[in-house]
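I opened this notebook to record what I looked up in one structure. The entries follow the order in which I consulted it.

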Amino acid sequence: MELGEAYALITAILWASAVVLFKHAGNSMSAHSLNLIKNVLGVGLLVPTAMFIEGSQLPQLSALHWLILIGSGYLGIAVADSWYFQALRMLGAGRTAIVGSLYSPMVIILSIVLLGERLAWWKWSGFVLVLCGILIAIYQRQYQQVDKGQLRSGIALAIGAVFMTALGVVAMKPVLENDGFLWLVCLRLAAGTLGLMLFLGLRGQMSETIRIIRFEQHKWPTILAASLCGTYLAMIFWLAGFKHADASVASVLNETSSIFIVLMAWLFLKEELSKRKVVGVLVAFIGVIIFIGA
């Protein structure tokens, strides 16, 4: 296994751990509030880390690379997350998770179109197995009834969110070749956080969000742990995976976070682990083995 592939798998484990911790924190805090606090905490952790390891000198970027970095953060964190949360309310978790599986296909397509990457045939077979395993594991036969118009709007928002996330990270690939990796990670997250704050401010929701955050202080230890895993460490390893491996390869291995979520939810949240989920986990695991050429 190459370094970039290892980083991508570590990202999947870290993000799955964060999802379980956020679930454990409860559902009383709004999605925007959770998103804002995890991003603010992430920036607060990344700034001293970057200063300690790389010094106070910011990366020397061209105007184009600065534009890409800011755009990637805004699209991938402020816009994409907002659209995803809206889709989640319209579609429910099951349908949204299935649409979310379009992430790696979109990254692969964008990487081929924008970066000129190519996948060997055996990696394509591994990718198909990973995607099939995830769909088997998260598929639900029963869904609440959803109005057709709401269904179409929710699917459009979910697809848009996945596309924005994929476009943001593929666009960042050339920028990550510059020096000052940790500062690049930090600045991207800061751009997304400021974009989210602007979004909430324009909608008149900032004061309400701050009130909710202050009211839920007893949940901060769990949220801090989740932010440490999901925003601080996962963000570093996520972008490191894209820096040291092809974007298409990293995206498929990132996709395995869905499998780790299923397993961790069973272990720590006592959620059901059905035969279907076990089959999905095994199929995806075989796909990962094939994909990384082990």
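The entries below go from the interior to the surface.

**Entry 1: the model.** I noted at the outset that this is a predicted model.

**Entry 2: the largest nonpolar core.** I looked up the largest nonpolar core and found that it has 52 residues. The members that touch the most other members are Tyr103, Val107, Val169, Phe181, Leu239 and Phe242. I then asked which element gives the largest share of this core. It is helix 8, residues 181-202, with 8 residues. I also recorded a second, separate core of 13 residues, which includes Ala18, Leu196, Met206 and Ile223. As general background, I wrote down that nonpolar side chains tend to be buried together in soluble globular proteins.

**Entry 3: Phe181.** I listed the contacts of Phe181, leaving aside its neighbours within four places in sequence. Phe181 is in contact with Glu54, Leu176, Ile236, Leu239, Ala240 and Lys243. Leu239 is also among the core members that touch the most others.

**Entry 4: Gly42 and Leu46 in helix 2.** I turned next to helix 2, residues 31-54, where Gly42 lies. Leu46 has its place in helix 2 as well. Are these residues buried or exposed? Gly42 has a relative accessible area of 0% and is therefore buried. Leu46 is likewise buried, with a relative accessible area of 0%.

Not counting residues up to four places away in sequence, Gly42 touches Leu189, Thr231 and Tyr232. With neighbours within four places in sequence left aside, Leu46 is in contact with Val185, Cys186, Leu189, Tyr232 and Ile236. I noted that Leu189 and Tyr232 appear in both lists.

I also looked up two C-alpha separations. Gly42 and Cys229 are 187 residues apart along the chain, and their C-alpha atoms are separated by 9.5 Å. For Leu46 and Trp238, 192 residues apart along the chain, the C-alpha separation is 14 Å.

**Entry 5: Asn178 in a loop.** Where is the place of Asn178? I found Asn178 in the loop between helix 7 (148-175) and helix 8. Its relative accessible area is 19%, and buried means under 20%, so Asn178 is buried.

I recorded two polar partners for the side chain of Asn178. A polar contact of 3.1 Å joins this side chain to that of His65. A polar atom of the Asn178 side chain also lies 2.8 Å from the backbone oxygen of Val175. Leaving aside neighbours within four places in sequence, Asn178 is in contact with Gln60, Leu61, His65, Leu184 and Lys243.

**Entry 6: Leu167 in helix 7.** I located Leu167 in helix 7. Leu167 is partly exposed, with a relative accessible area of 24%. Apart from neighbours within four places in sequence, Leu167 is in contact with Leu110 and Leu114. From C-alpha to C-alpha, Leu167 and Leu75 are 8.3 Å apart in space and 92 residues apart in sequence.

**Entry 7: a nonpolar surface patch.** I closed with the surface. Which residues make the nonpolar surface patch of about 630 Å²? They are Trp121, Trp122, Phe285, Ile286, Ile289 and Ile290. The elements that give two or more residues to the patch are helix 6 (121-138) and helix 13 (275-292). Helix 13 gives the most, with 4 residues. Trp122 lies in helix 6, and I found this residue partly exposed, with a relative accessible area of 30%.

Key. Residues numbered from 1 in each chain as written. Predicted model: local features only at pLDDT ≥ 70, side-chain atom pairs only at ≥ 80, totals over all residues. Heavy atoms only, no water. Patch = residues over 30% accessible without salt bridge, like charges linked within 9 Å, V, L, I, M, F, W, Y side chains within 5 Å. Areas by Shrake-Rupley, 256 points an atom, 1.4 Å probe, with all protein chains shown as cover. Salt bridge = Lys/Arg side-chain N within 4 Å of Asp/Glu carboxyl O. Buried < 20%, exposed > 50% of the residue type's maximum accessible area, 1.4 Å probe, protein only. Core = buried A, V, L, I, M, F, W, Y, C linked by side-chain atoms within 4.5 Å. Contact = heavy atoms within 4.5 Å. Polar contact = N/O pair within 3.5 Å; in protein donor to acceptor, adjacent residues only side chain to side chain.
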